[in-house]
Amino acid sequence: MLKSLEHLIQNHDIILFDAECVLCSAWADFMIKHDPHCQFKLVSVQSNLGQQLLTRYHFPTDQIETMLLLEKGQCYTESTAFLRIMQRLDFPYRSLKYARLVPQAIRDFAYRRIALNRYRLFGKTEQCYVVTPDIQQHFLVDELVT
């Protein structure tokens with residue numbers, strides 16, 4: 001079904017992730033396992049849709065240094081994105097919402113240290129994340145009307 005970019009943004013809570021990053025791909029696996037009701041839709045930043053979303057929210061399309069959460073059209077990044085996602089998952093993960101008591105500057109500093117060194121620390125995959133039919137419902141891969 002063909003949908004506009006704005007329709008997808010308004011009707012889905014979207015997590016954009018780097019599908020070439022081993023850590024980020026593990027994050028996608030974590031979300032598939034711990035979000036059984038598909039509250040969030042995953043989108044690779046390398047995909048056509050991911051590139052359009054990055055452009056729409058004024059992020060570079062060639063090098064992204066943070067996971068993005070698009071929640072009801074609002075864009076969240078870094079530790080705030082992570083904590084907003086965690087608070088919507090089941091216990092014990094929702095307990096991480098209390099990490100919001102830590103000042104955002106400190107949280108984001110720690111987030112950036114990992115994000116900027118993720119390839120060196122965890123590696124880079126030879127191929128992008130593969131979406132198989134059994135996990136398809138966790139991904140947003142609809143064709144867009146351009």
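Here are three short exercises with worked solutions on a predicted model.

**Exercise 1. The helix pair**

Work out how helix α2 and helix α4 are arranged, and which residues meet where they touch.

*Solution.*
- Step 1: Start with the axes. Helix α2 covers residues 22-34 and helix α4 covers residues 78-86; their axes come within 12 Å and cross at roughly 20 degrees.
- Step 2: Classify the angle. Angles under 35 degrees count as roughly parallel, so α2 is roughly parallel to α4.
- Step 3: Add the handedness. The crossing of α2 and α4 is left-handed.
- Step 4: Look at the side chains. From α2 come W27, F30 and M31, and they meet F82, I85 and M86 of α4.
- Step 5: Sort these by class. The contact of α2 with α4 has 6 nonpolar residues, with no polar and no charged ones.

**Exercise 2. The sheet**

Find the strand order of the sheet, name its edge strands, and place α4 relative to it.

*Solution.*
- Step 1: Write down the order. The open sheet has 4 strands, arranged β2-β1-β3-β4, with mixed pairing.
- Step 2: Pick out the edges. β2 (40-44) and β4 (74-77) each pair on one side only, which makes them the edge strands.
- Step 3: Add the twist. From one strand to the next, the twist averages 25 degrees.
- Step 4: Bring back the helix. α4 packs on the sheet and touches β1, β2, β3 and β4, while its direction makes about 110 degrees with that of β4.

**Exercise 3. Strand β3 and its neighbours**

Trace the pairing of β3 on each side, then decide where its side chains point.

*Solution.*
- Step 1: Take the β1 side. Strand β1 (residues 13-17) and strand β3 (residues 68-71) run antiparallel and are joined by 3 bridges. I15 has L69 as its bridge partner in β3, and I14 stands opposite L70.
- Step 2: Take the β4 side. Here 4 bridges join β3 to β4, and the two run antiparallel. L70 turns up again, this time opposite C75 in β4.
- Step 3: Check the connection. β3 and β4 form a hairpin with 2 residues between them, and K72 in the turn has a positive phi of about 55 degrees.
- Step 4: Assign the side chains. In a regular strand, side chains alternate between the two faces of the sheet. In β3, L68 and L70 point one way, whereas L69 and E71 point the other way.
- Step 5: Check burial, using the cut-off of under 20% relative accessible area. L68, L69, L70 and E71 are all buried.

Notes: Residues numbered from 1 in each chain as written. Predicted model: local features only at pLDDT ≥ 70, side-chain atom pairs only at ≥ 80, totals over all residues. Heavy atoms only, no water. Axes fitted to C-alpha atoms, helices over the stretch in contact; angles between N-to-C directions. Parallel < 35°, antiparallel > 145°, perpendicular 65-115°, else oblique. Left-handed = near helix turned anticlockwise from the far one by under 90°. Contact = heavy atoms within 4.5 Å. Nonpolar A, V, L, I, M, F, W, Y, C, P; charged D, E, K, R; others polar. Pairing = 2+ DSSP bridges. Buried < 20%, exposed > 50% of the residue type's maximum accessible area, 1.4 Å probe, protein only.
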